[in-house]
Amino acid sequence: MDLPPDPPPLVVLDGVAKSFGAVQALSDVSIALVAGEAHALLGENGAGKSTLIKTLAGVHRPDSGRVLVDGVEVRFSGPADAKAAGIAVIYQEPMLFGDLSIAENVYTGRQPLKAGRRIDTKAMHAHTAALFDRLGVVLDPARPARGLSIADQQVVEIAKALSFDARVVVMDEPTAALSAREVERLFDVVEVLRAQGTAVLFVSHRLDEVFALCQRATVLRDGRHVWDGPLEDETPDGLVRRMVGRELSALFPKQDTDAGEVLLDVRRLTREGVFTDVSFTVRAGEIVGLSGLVGAGRTEVARAVFGIDGVDAGEVFVNGRKLKLGSPTAAMAAGIGLVPEDRRQQGLVVDASVERNVALASLGRLSRFGLLSRRSEQRLAQDWALKLRIKTARLGAPAATLSGGNQQKVVLAKWLSRRPSVLIVDEPTRGIDVGTKAEVHRLLSELAGEGVAVLMISSELPEVLGMADRVLVMHEGRLVDDIPRADATEERVALAAAGRVAS
Amino acid sequence: MTTAAPSRARRVADLVGRARELGIVVALALVVIPTAFVNPRFVEAQGIRDLLLNASVVAVLAAGQTLVVVTRNVDLSVGSVLGISAFLTAQTFADHPGMPIVVGMLLGTLIGLVCGAVNGLLVAVGRVPSLVVTLGTLYVFRGVDFALAQGTQINATNLPDELLAMGNGRLFGIPVLVLITLAVVAAAALYLRSYRSGRDLYAIGSNPEAAVLAGIPVPRRVFTAFLLSGTVAGLAGALWVARYGTVDAAAGTGLELQVVAAVVVGGVAIFGGSGTVVGAALGALLLGTIASCLVVLRIPAFWQQAISGALLIGAITVDRLLALRLARELRGRSDHDG
């Protein structure tokens with residue numbers, strides 16, 4: 001086939017690798033960004049997209065591999081260097097200075113000057129207005145940035161990119177928080193950029209947007225480059241297959257159990273702007289996986305059920321009894337436990353000892369006449385440390401000194417010691433080594449075997465598919481699919497999570 | 001289409017910005033006018049000169065403090081810096097009777113610069129919270145001051161006459177110290193408004209994380225803010241000598257709280273990002289004027305502190321309410337109407 005000679009790429013990552021501690025975030029990843037082309041970067045949560053973007057932005061320095069700008073190898077020692085090389089990054093939630101005017105946000109550190117090196121405010125406003133003209137949007141350069149919608153904030157960031165003649169614009173899930181009309185406007189702006197010869201790297205989970213906007217795509221999986229090529233001959237399903245395409249391992253041993261009566265019954269739960277009309281049940285002995293993309297509203301549903309956040313509509317029944325919403329105390333009394341997503345911030349008091357942490361949810365039971373017995377705390381912690389095989393030098397050591405996996409076991413012990421009837425676990429194995437991961441899975445499986453209803457939120461598809469008796473999938477705040485174990489495949493779950501429910 | 005007419009959002013923001021300074025002017029009128037009825041001499045030329053003179057030291061310090069506070073930091077050591085600078089300057093004048101006044105002023109300023117550099121290094125490079133650093137150096141500088149002074153006091157008789165003449169002198173009917181204060185305030189205001197590094201200070205206070213991503217050299221800018229605050233406090237120490245003539249190691253004790261109060265009353269957000277030097281200086285004038293009015297109205301001295309404190313709380317409350325209101329206004333109406 002005869003191809004016209006490709007224009008030379010503006011920016012190339014060549015064989016880039018980056019690790020954080022033991023986690024290999026990127027290994028041997030290459031990508032080339034060409035003038036006038038919109039390039040999509042695809043991959044599941046945790047595939048390494050953010051790391052790649054931050055490498056381009058000069059925030060991360062690659063461990064190995066090269067960064068080439070106009071064919072010349074460069075080394076970014078900070079965001080300012082990447083900016084100087086003409087690379088602009090627009091983050092999902094732009095970082096603006098709310099107290100400063102839009103124009104000052106656009107020209108931070110590069111304000112036009114007049115005599116005596118004073119800032120020429122008039123010229124700055126005129127330049128900014130001219131940039132907005134080019135983008136075809138109407139914003140007052142003199143108004144403060146505080147209070148702008150996310151879409152407008154992104155426009156300000158794009159104007160900033162234009163103002164220093166950025167030749168590469170990286171957009172990290174720019175459409176996640178936008179309305180349909182705002183997305184349209186953003187696409188118009190991107191077309192303007194492309195027409196002006198800018199290379200665009202576009203990260204999005206919404207495949208229809210990718211096909212509407214981009215000419216080329218690169219797919220990452222587990223920090224590795226798995227495919228790149230033009231999009232014209234591709235289908236959404238084909239891309240999803242490339243993004244997941246993984247063998248299910250035998251790491252996840254879910255014992256078969258007979259589902260008993262319904263323990264958790266969530267009916268039409270709605271929190272405006274966050275999730276809408278979410279209904280599901282979890283039975284005794286069942287593990288129900290809650291899947292979906294980051295930001296789909298899974299954690300928010302869990303928080304609402306546990307009473308941390310209020311809801312606008314809907315009700316929850318535990319063990320057939322109506323739960324008073326908006327009160328974690330009531331949720332705990334009803335027999336719900338919540339192992340939160342962020343272990344260190346929300347699950348533990350990291351500076352307190354292991355035994356204190358284990359006892360934290362059982363203080364009422366452990367105290368007499370309002371006084372806490374140190375010995376009963378210790379006894380409780382010893383029991384559970386043994387059962388869950390928590391590895392620590394001594395139970396009096398601060399929880400912060402434990403490995404991630406053992407910290408997670410401490411959080412689990414805290415709830416299990418209350419003998420919950422419903423346990424909600426949010427990303428139970430994130431950041432945990434493989435061995436401990438298997439132990440956590442075994443534990444969850446045993447719990448289900450003992451008749452606990454387990455709701456497991458997880459972004460790891462293999463984990464969901466291996467562990468769950470049923471998989472619920474959320475997409476943009478709605479429950480879009482309920483898949484029994486037998487029908488749950490990576491493709492079906494991933495497609496549902498991307499908003500494409502198989503009929 | 002370019003926006004020609006200023007948007008509603010801009011107008012609201014402008015209005016609130018001006019309201020802060022305007023509010024102080026109104027408050028000033030509210031305290032001065034009734035006092036003038038009780039004692040007309042209060043608003044005669046000499047009375048007004050005294051008001052300005054009394055406020056000038058705090059106003060100079062407030063100008064320096066504003067630079068620090070807009071970066072979301074605070075400099076509590078300014079009173080001690082003033083003290084050590086005042087004492088050393090006075091002592092040098094006493095030991096070297098022939099020394100030109102300008103040299104003495106520069107010496108005081110230099111001492112302040114060194115103190116400011118210590119604060120700046122600890123905050124910007126050592127990454128210690130400024131509240132802790134400057135609370136520490138508040139005691140350190142004062143302690144060094146006492147150690148150097150060893151209980152001595154330097155009196156007007158030991159100081160050059162020209163210095164004291166400057167302290168009480170006038171130019172075109174305006175006290176020289178007030179003119180110097182105006183110059184410092186004008187310079188600081190110009191720096192914060194019209195220079196890139198000055199605007200960076202606002203950016204840092206507004207969103208520290210974004211400031212790093214925007215490539216602003218945050219540690220260097222924060223260091224500079226503390227350096228300038230210290231320098232200004234050093235200059236204020238030298239002016240203190242000229243004004244009062246009698247200096248011991250306790251000069252300026254407790255002044256830092258008046259300064260912070262003036263800055264906050266003047267509309268500088270205590271969490272950084274907004275506020276002006278002119279506002280802070282007006283805040284100093286307002287607090288000083290209230291103190292003078294209470295004297296004229298023969299209100300017992302201990303009420304003065306309570307009233308100043310209540311005013312401070314009132315100012316912060318109004319400031320928060322205005323900020324919340326502004327945020328709501330800005331969010332409420334989209335700006336697409338232009």
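# Exercises on a two-chain predicted model

Of the 503 residues in chain A, 49% are buried. The model is predicted, and the predictor assigns the complex an ipTM of 0.83 and a pTM of 0.73.

## Exercise 1. Overall dimensions of chain A

Task: state which helices-and-strands count chain A has, and compare its radius of gyration with that of a compact globule.

Solution. Step 1: chain A contains 18 helices and 24 strands. Step 2: a compact globule of 503 residues would have a radius of gyration near 23 Å, and the 26 Å of chain A agrees with this. Step 3: along the principal axes, the C-alpha atoms fill a box of roughly 75 × 60 × 45 Å. Step 4: taking contacts in chain A between residues at least 6 apart in sequence, 68% join residues at least 24 apart.

## Exercise 2. The sheet that contains β6(A)

Task: give the strand order of the open sheet that includes β6 of chain A, and explain why β6 and β12 each have one side without a neighbour.

Solution. Step 1: the order is β6-β9-β10-β3-β11-β12 in chain A, an open sheet of six strands with mixed pairing. Step 2: β6 (87-90) and β12 (224-230) of chain A are at the edges and have a single partner strand each, so one side of each lacks a neighbour in the sheet. Step 3: on average, neighbouring strands of this sheet are turned by 15 degrees against each other, direction ignored. Step 4: at the β12 end, β11 (residues 216-221) and β12 of chain A pair in the antiparallel sense over six bridges. In this part of the sheet, A:R221 is opposite A:R224 of β12(A).

Step 5: place the helices. Helix α5 (residues 150-163) of chain A lies across β6 and β9 (168-172), at about 175 degrees to β6(A). Helix α6 (residues 180-195) of chain A lies across β3 (38-42), β9 and β10 (199-203), at about 150 degrees to β10(A).

## Exercise 3. The sheet that contains β21(A)

Task: give the order of the open sheet that includes β21 of chain A, and find which strands are at its edges.

Solution. Step 1: six strands of chain A follow the order β18-β21-β22-β15-β23-β24, with mixed pairing. Step 2: β18 (336-339) and β24 (478-484) of chain A are the edge strands, each pairing on one side only. Step 3: neighbouring strands here are turned by 20 degrees against each other on average, direction ignored. Step 4: β23 (residues 470-475) and β24 of chain A run antiparallel and are joined by six bridges, and A:V473 has A:D481 in β24(A) as its bridge partner.

Step 5: add the helices that pack on this sheet. Helix α9 (residues 298-305) of chain A touches β15 (287-292), β18, β21 (422-426), β22 (453-457) and β23, and its direction makes about 145 degrees with that of β21(A). Helix α18 (residues 490-497) of chain A touches β15, β23 and β24, and its direction makes about 25 degrees with that of β23(A).

## Exercise 4. The surroundings of β21(A)

Task: say how many residues of β21(A) are buried, and which of them point each way.

Solution. Step 1: five of the five residues in β21(A) are buried. Step 2: sort the side chains. In a regular strand, side chains alternate between the two faces of the sheet. A:V422, A:I424 and A:D426 point one way from β21(A), while A:L423 and A:V425 point the other way; all are buried. Step 3: follow the pairing on either side. β18(A) runs parallel to β21(A) and is joined to it by four bridges, with A:I336 bridged to A:V422. β22(A) also runs parallel to β21(A), with five bridges, and A:D426 is opposite A:I457 of β22(A).

## Exercise 5. Chain B

Task: describe the make-up and dimensions of chain B, then say whether helix α3(B) is mostly covered or exposed.

Solution. Step 1: chain B has 13 helices and two strands. Step 2: its radius of gyration is 21 Å, close to the 20 Å from the globule rule for 338 residues, so chain B is as compact as a globular protein of that length. Step 3: the C-alpha trace of chain B spans about 70 × 55 × 35 Å along its principal axes, and 49% of the 338 residues are buried. Step 4: helix α3 (residues 78-95) of chain B has 18 residues and reaches 25 Å from first C-alpha to last, close to the expected 26 Å. This helix is mostly covered, with 14 of its 18 residues buried.

Step 5: check the confidence. Chain B has a mean pLDDT of 87, and 92% of its residues reach 70 or more. Over residues 333-338 of chain B the pLDDT is below 50, and this stretch has 13 contacts in the model beyond near neighbours in sequence.

Methods: Residues numbered from 1 in each chain as written. Chains lettered and ligands numbered in written order. Predicted model: local features only at pLDDT ≥ 70, side-chain atom pairs only at ≥ 80, totals over all residues. Pairing = 2+ DSSP bridges. Axes fitted to C-alpha atoms, helices over the stretch in contact; angles between N-to-C directions. Contact = placed C-beta atoms within 7 Å. Expected span 1.5 Å × (residues − 1). Buried ≥ 20, exposed ≤ 12 C-beta atoms within 10 Å, placed from the backbone. Rg over C-alpha atoms; globule rule 2.2 N^0.38 Å. pLDDT = per-residue confidence, 0-100.
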